[in-house]
Protein chains: 2
Amino acid sequence: MTVLRSADHAPLTPKGRATRARIVDAAAALIFERGVSGTSLDDVKAAASVSSSQLYHYFADKVALVSAVIAHQVDAVLGGQEPYLSHLDSMAALRAWRDAVVRVRRTLNCHGGCPIGSLASELAESDNTLRREAAAGFSRWAERIRVGLHAMRERGELRAEADPAVLATAILASTQGGILLSQAHRSTAPLEIALDTMLDYVASFLTPRGQKGRRAGTGRVRVPNRA
Amino acid sequence: MTVLRSADHAPLTPKGRATRARIVDAAAALIFERGVSGTSLDDVKAAASVSSSQLYHYFADKVALVSAVIAHQVDAVLGGQEPYLSHLDSMAALRAWRDAVVRVRRTLNCHGGCPIGSLASELAESDNTLRREAAAGFSRWAERIRVGLHAMRERGELRAEADPAVLATAILASTQGGILLSQAHRSTAPLEIALDTMLDYVASFLTPRGQKGRRAGTGRVRVPNRA
DNA sequence: CTGGGATTGGAATGTCCAGTCCAATTTGAT
DNA sequence: ATCAAATTGGACTGGACATTCCAATCCCAG
């Protein structure tokens with residue numbers, strides 16, 4: 001028999017799928033705003049307009065719900081960046097991606113952290129399974145960046161010494177740290193600095209034809225306006 | 001009259017100071033392991049061997065205690081890095097600092113996040129005052145790095161275009177993001193990559209006499225062994 | 001149209017937990 | 001020694017919260 005993942009259910013009709021989705025959506029939104037421990041199942045029940053029975057019909061317990069929220073947020077983050085991630089193969093594309101990330105933060109007035117990063121931070125020490133799920137989300141994200149950088153190198157835009165995997169990890173780390181500082185300071189400045197600095201480093205690997213003239217990546221990072 | 005900070009108390013005898021410190025120490029340790037919401041005041045009471053009256057005699061409420069824990073952790077982190085931060089004025093010193101940061105993570109088997117970063121992430125959206133306190137901790141940290149880089153530039157080791165404030169922020173962001181990825185993956189690799197990459201970028205600003213011969217900072221980051 | 005699974009309602013349970021209170025004991029300055 | 005302030009003991013409260021449970025209703029395959 002084709003048993004599905006761990007806590008998966010019986011058949012699940014269209015109506016059931018809709019209810020389940022409503023619960024996950026509501027939970028994801030609340031958890032993004034208030035964190036996992038700041039979100040009670042009563043809150044979720046109210047926001048999704050469901051009863052206890054429904055919650056526990058679709059999710060074994062709070063951990064199972066949070067697990068679904070992690071999957072949801074990973075898809076949301078990667079999905080939202082899809083237009084950029086799928087063409088991440090030039091400095092211009094990299095900078096466009098950076099702009100998109102910064103724009104999102106600005107739209108949120110620097111409230112909330114990275115949907116994945118915040119969950120990772122809150123759950124890493126409390127539940128090993130959830131920690132791994134968040135880590136897997138990070139991996140998927142880094143992989144997308146890596147593929148883009150790899151394409152840049154393949155096409156001769158980046159020098160051979162540029163290691164796509166290393167650079168992708170470094171870019172993701174700068175993003176996460178930048179978002180955290182940005183959240184704490186309620187300013188996009190740290191995120192912009194972190195990303196610009198890292199992208200400038202990537203630019204230092206450009207081949208002459210990749211970007212003619214300008215001495216590869218140095219001193220272009222400027223302090224952005226206070227936001 | 002010289003009124004002290006917000007929730008500060010009456011005189012406070014030596015014995016009282018000791019009890020207060022015992023509470024903060026215990027709370028800091030528990031919160032580092034389990035997070036703020038994962039740590040009940042009963043846990044703190046037990047760990048510090050104090051009664052409710054004592055807790056509430058020294059702290060108005062849980063928020064006040066957490067505030068004290070933030071201050072404690074900021075001092076602990078900066079204090080622990082003091083030997084490095086106070087001589088952060090050469091690439092060698094920068095790398096020694098990097099090694100120290102990585103060593104701490106390795107000692108902890110990549111368990112727990114940055115004592116400041118984790119608090120910032122957990123509390124940023126739940127309490128504005130605590131958010132600002134964490135942000136202030138980040139600022140103190142970045143400032144120390146900035147001063148070191150500034151000294152490097154003053155002494156002609158870094159070129160004039162190197163902006164100490166920008167680099168310090170970028171380094172701190174890489175550190176925070178690196179630690180988060182390292183915590184999620186339970187491996188020091190992402191942290192090492194993030195820091196090495198960023199320090200390599202800093203090295204790209206070295207003047208010829210700062211580091212002779214080698215083309216400034218490129219392609220030296222290697223993937224470390226799995227930890 | 002009908003039986004059984006899918007779905008839903010909502011009250012109830014038991015635990016955890018922040019915060020309160022009153023009274024006892026200790027301490028330090030005079 | 002003496003008294004007021006500082007410190008401590010520990011029971012108690014009221015609410016929040018995850019989870020359970022017993023039915024009731026809905027829906028579709030046969």
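**Close-up views of a two-chain predicted model**

Of the 227 residues of chain A, 47% count as buried. The model is predicted, and the legends below take it view by view.

**View 1. Chain A is built from 9 helices and 0 strands.** Read from the N terminus, the elements of chain A follow the order α-α-α-α-α-α-α-α-α. Among the contacts in chain A with a separation of 6 or more, 63% are between residues 24 or more positions apart.

**View 2. Chains A and B are related by a two-fold axis.** Two copies of a chain are related by a rotation about an axis and a shift along it. Here a turn of 180° and a shift of 0.0 Å along the axis lay chain B on chain A with an RMSD of 0.0 Å. That is the relation of a two-fold axis. Within chain B, the C-alpha nearest the axis belongs to B:G177, at 1.9 Å.

**View 3. The side of chain B that touches chain A.** In this interface, 49 residues of chain B are in contact with 49 residues of chain A. The elements of chain B that give two or more residues to this side are α1 (14-34), α6 (115-123), α7 (128-154), α8 (164-185) and α9 (189-203). α8(B) supplies the largest share, 16 residues. By class, this side of chain B has 20 nonpolar, 22 polar and 7 charged residues. Because 100% of the interface residues of chain B are also interface residues in chain A, the copies meet through the same surface.

**View 4. Helix α9 of chain A against helix α8 of chain B.** The axes of α9(A), residues 189-203, and α8(B) come within 8 Å and cross at roughly 90°. The two helices are therefore roughly perpendicular to each other. From α9(A), the contact uses A:P190, A:I193, A:A194 and A:T197. From α8(B), B:V166, B:T169, B:A170 and B:A173 take part. The contact of α9(A) with α8(B) has 6 nonpolar residues, 2 polar residues and no charged residues.

**View 5. Helix α6 of chain A is mostly covered.** In α6(A), residues 115-123, 9 of 9 residues are buried. They are A:P115, A:I116, A:G117, A:S118, A:L119, A:A120, A:S121, A:E122 and A:L123. Within chain A, the buried residues of α6(A) pack against α1 (14-34), α4 (62-85), α7 and α8. The buried residues of α6(A) also pack against α6 and α8 of chain B.

**View 6. Helices α7 and α8 of chain A.** Two packed helices are described by the angle between their axes and the distance between the axes. For α7(A), residues 128-154, and α8(A), residues 164-185, the axes come within 8 Å and cross at roughly 130°. α7(A) and α8(A) are therefore oblique to each other. The crossing of α7(A) past α8(A) is right-handed. On the α7(A) side, the contact is made by A:F138, A:W141, A:A142, A:I145, A:R146, A:L149, A:H150 and A:R153. On the α8(A) side, it is made by A:P164, A:A165, A:L167, A:A168, A:T169, A:I171 and A:L172. By class, the contact of α7(A) with α8(A) has 11 nonpolar, 2 polar and 2 charged residues.

**View 7. A:L149, a residue of helix α7 of chain A.** A:L149 counts as buried because 24 other C-beta atoms lie within 10 Å, where the cut-off for buried is 20 or more. Leaving out residues up to four places away in sequence, A:L149 touches A:L158, A:P164, A:L167 and A:A168. A:L149 and A:D75 are 74 residues apart in sequence, and their C-alpha atoms are 21 Å apart in space.

**View 8. Helices α7 and α8 of chain B.** α7(B) and α8(B) pack at an angle of about 130°, with their axes 8 Å apart. The pair is therefore oblique, and its crossing is right-handed. Residues of α7(B) in the contact include B:F138, B:W141, B:I145 and B:L149. Those of α8(B) include B:P164, B:L167, B:A168 and B:L172. The contact of α7(B) with α8(B) divides into 11 nonpolar, 2 polar and 2 charged residues.

**View 9. B:G79, a residue of helix α4 of chain B.** Helix α4 of chain B covers residues 62-85. B:G79 counts as exposed because 10 other C-beta atoms lie within 10 Å, where the cut-off for exposed is 12 or fewer. B:G79 and B:I23 are 56 residues apart in sequence and 20 Å apart in space, C-alpha to C-alpha.

Definitions and conventions: Residues are numbered from 1 along each chain as its sequence is written. Chains are lettered from A and ligands numbered from 1 in the order in which they are written. This is a predicted model: local features need pLDDT of at least 70, side-chain atom pairs count only at pLDDT 80 or more; totals for chains, interfaces and linings use all residues. Two residues are in contact if their C-beta atoms, placed from the backbone, lie within 7 Å. Helices (H or I, at least four residues) and strands (E, at least two) are DSSP runs, numbered from the N terminus. Ala, Val, Leu, Ile, Met, Phe, Trp, Tyr, Cys and Pro count as nonpolar, Asp, Glu, Lys and Arg as charged, and the others, Gly among them, as polar. Copies are superposed by least squares on the C-alpha atoms of residues with pLDDT of at least 70 in both. Axes are lines fitted to C-alpha atoms, for helices over the stretch in contact, and angles run from 0 to 180 degrees between N-to-C directions. Angles under 35 degrees count as roughly parallel, over 145 as roughly antiparallel, 65 to 115 as roughly perpendicular and the rest as oblique. A crossing is left-handed if the near helix is turned anticlockwise from the far one by less than a right angle, and right-handed if clockwise.
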